[in-house]
Amino acid sequence: MGKLIRFLPLILVIALGVVLYRGLSLNPQDMPSALVGKTMPAFTLKTLNNSEKVVTQADLLGDIVLINVWATWCPTCKYEHPYLVDIAKDPKVKLYGLNYKDERAGAQQWLKNYEDPYVFSIFDEEGTLGLDLGVYGAPETFVIDHHGIIRKRFAGAIDTRVWRREFEPLIAQLIEEKKQGN
Amino acid sequence: MRLLSIFIVTLIFSLSANTALASPVDTYEFNDEVTKIRFQALSKELRCPKCQNQNLADSNSPIAADLRRELYELLQQGKADSEIVDFMVDRYGEFVLYRPRVSELTYVLWFGPAVLILLGVFVVIVVVRRKPVDKKTLALSAEQQEKLKNLTNDK
C-alpha cells in the first residue's frame, strides 16, 4: 500500500498526459449544433430565382431534407458543388439551398454556370435565417427529418468520403424511421 | 524640452491610432450610458463562433459583426441580458459563453479547483498530524542485539 502511494503522483501525471494528448488531436471547430433535435426555425423569405415567390419552413416538410448553406463568396462552396450535383440525383433526399448573405445576380449566374442542384434556393440576403440556424460560415449542411426536426449540422465541404461517413448512415436511419411511421 | 513634448504627443497619438485599427469600430448610437455599457460587457462576454479565441468585441470576422448588430438590436428592443444570452446560446450553443453556465457538464470545471484545494489541505493536515514513529519500536530486540554483537566481534 505504502509503495503504491509513492507511485500515485506518477500515475496521475501519466493520466493527465493521456487526457491532454488526446486533446491535441481534437478539432476545436467540430462543434455540435445547438439546434440538433429542435424544429426548423420559422422563416418567410423569397427564393433566389424568383424574387416574387415566398417560401416558408412549411415548404420543406414531409421529406428527408438537406439544406446546404452556400454563397458565391465562398471558395469551398465551389469545391463541393459537383458533389452536390451528384447528391441531388439521389431520390432519397431533397436538396435545398440557402443562399447566405449573397448578391442575387451573382448567385443566379453561379447556378447557371455550374448547374443548379437545388429544388430551390432560399435567398437570405441579410442572413436572418442563417442566424436562426446558428450558421457562422459557408458551406454548412443541415439534415432535416420528415417531421421538420433538425437532425444534423455539418460545417465544411461535402465530398464523397464525407458523404459516406457523415450522411449516409443518418439518411438510412431516417428512411427506416419514416417507414416505421414514427 | 519642446521637442520632447512633441515626441510624447506623437507617441500617444500613434498608440491610440494603433488600438483603433486593431479592434473593429462600430458606430452604434445608444440612448443611454447604461445600454452602452451593457453592449460592451456582453460583446466581451460572448465568444465569436468562427474565430474561437476572440470575443465579439475583438473580432473582425463578418459573423462577429452580424452578432454585434443583433446584440445591438436586441438591446434596443429592451431585452434583458439573460434573454440575450439565451438567444445566442439557442443558436450557437453553450460554446458562445466565455463563462460557461453551471450544469452537469460543467461541474468539474466549476467545482474541480475547490475540490482539489480541499484535497490538498486534507493531505497536508494528515501529513502534519501523523504521530512521530515510536522510538521503542526502533530499538533492537534482544535477539538482534545479540546478532549485532556477534557481527562486531567477528572483526
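**Stop 1: strand 6 of chain A**

Select residues 140-144 of chain A, which form strand 6. Five of the five residues here are buried, so the strand is largely enclosed by the rest of the structure. Keep in mind that this is a predicted model.

Show the side chains. Which residues point one way from strand 6 of chain A, and which the other way? Glu140(A), Phe142(A) and Ile144(A) point one way. Thr141(A) and Val143(A) point the other way. In a regular strand the side chains alternate between the two faces of the sheet. On both sides of strand 6 of chain A, these residues are all buried.

**Stop 2: the partners of strand 6**

Add residues 65-70 of chain A, strand 3. Strand 3 and strand 6 of chain A run antiparallel, joined by five bridges. To find one pairing, pick Val69(A): its bridge partner in strand 6 of chain A is Glu140(A).

Now add strand 7 of chain A, residues 150-155. Strand 7 also pairs with strand 6 of chain A in the antiparallel sense, over five bridges. Pick Val143(A) and look across to strand 7 of chain A, where its bridge partner is Lys152(A).

Follow the chain from strand 6 to strand 7. These two strands of chain A form a hairpin, with five residues between them. Stop at Gly148(A) in the turn: its phi is positive, about 85°.

**Stop 3: the whole sheet**

Zoom out. Seven strands of chain A form an open sheet. What is the order of the strands? The order is 2-1-5-4-3-6-7, and the pairing is mixed. The edge strands are strand 2 (54-56) and strand 7 of chain A, each pairing on one side only. On average, neighbouring strands of this sheet are turned by 30° against each other, direction ignored.

Select strand 1 of chain A, residues 44-47. Strand 1 pairs with strand 5 of chain A in the antiparallel sense, over two bridges. Lys46(A) has Phe123(A) as its bridge partner in strand 5 of chain A.

**Stop 4: helix 5 of chain A**

Next, show helix 5 of chain A. This helix lies across strand 6 and strand 7 of chain A and runs at about 170° to strand 7 of chain A. Within helix 5 (residues 160-180) of chain A, click on Arg164(A). Is Arg164(A) buried or exposed? Arg164(A) is exposed, with 10 other C-beta atoms within 10 Å. Try a distance too: the C-alpha atoms of Arg164(A) and Pro91(A) are separated by 16 Å, and the two residues are 73 apart along the chain.

**Stop 5: Val69(A) and the core**

Go back to Val69(A). Neighbours within four places in sequence aside, its contacts are Leu98(A), Tyr100(A), Gly130(A), Val135(A), Ala138(A), Pro139(A) and Glu140(A). Val69(A) is also one of the residues with the most contacts inside the largest nonpolar core, which has 47 residues. Others in that group include Ile67(A), Ile144(A), Leu56(B) and Leu71(B). In soluble globular proteins, nonpolar side chains tend to be buried together.

Two of the contacts of Val69(A) are Ala138(A) and Pro139(A). Look at the peptide bond between Ala138(A) and Pro139(A): it is cis, with omega about -5°. Pro139(A) sits in the loop between helix 4 (128-132) and strand 6 of chain A.

**Stop 6: two loops with positive phi**

Select Lys101(A), in the loop between strand 4 (94-100) and helix 3 (104-114) of chain A. Its phi is near 50°, a positive value in a residue other than glycine. Lys101(A) is partly exposed, with 19 other C-beta atoms within 10 Å.

Then go to Glu115(A), in the loop between helix 3 and strand 5 (121-124) of chain A. Phi of Glu115(A) is near 80°, again positive in a residue other than glycine. Glu115(A) is exposed, with 12 other C-beta atoms within 10 Å.

**Stop 7: chain B**

Colour chain B by secondary structure. How many helices and strands does chain B have? Chain B has seven helices and zero strands. Buried residues make up 14% of its 155 residues.

Select helix 2 (residues 33-45) and helix 3 (residues 62-76) of chain B. Their axes come within 10 Å and cross at roughly 145°. The crossing of helix 2 and helix 3 of chain B is right-handed. Helix 2 of chain B brings Thr35(B), Arg38(B), Phe39(B), Leu42(B) and Ser43(B) to the contact. Helix 3 of chain B brings Arg68(B), Leu71(B), Tyr72(B) and Leu75(B). By type, the residues of this contact are five nonpolar, two polar and two charged.

**Last stop: where the chains meet**

Show both chains. Here 11 residues of chain A are in contact with 12 residues of chain B. On the chain A side, six are nonpolar, four polar and one charged.

Terms used: Residues numbered from 1 in each chain as written. Chains lettered and ligands numbered in written order. Predicted model: local features only at pLDDT ≥ 70, side-chain atom pairs only at ≥ 80, totals over all residues. Contact = placed C-beta atoms within 7 Å. Nonpolar A, V, L, I, M, F, W, Y, C, P; charged D, E, K, R; others polar. Axes fitted to C-alpha atoms, helices over the stretch in contact; angles between N-to-C directions. Helix = DSSP H or I, 4+ residues; strand = E, 2+ residues; numbered from the N terminus. Left-handed = near helix turned anticlockwise from the far one by under 90°. Buried ≥ 20, exposed ≤ 12 C-beta atoms within 10 Å, placed from the backbone. Pairing = 2+ DSSP bridges. Core = buried A, V, L, I, M, F, W, Y, C linked by C-beta atoms within 7 Å.
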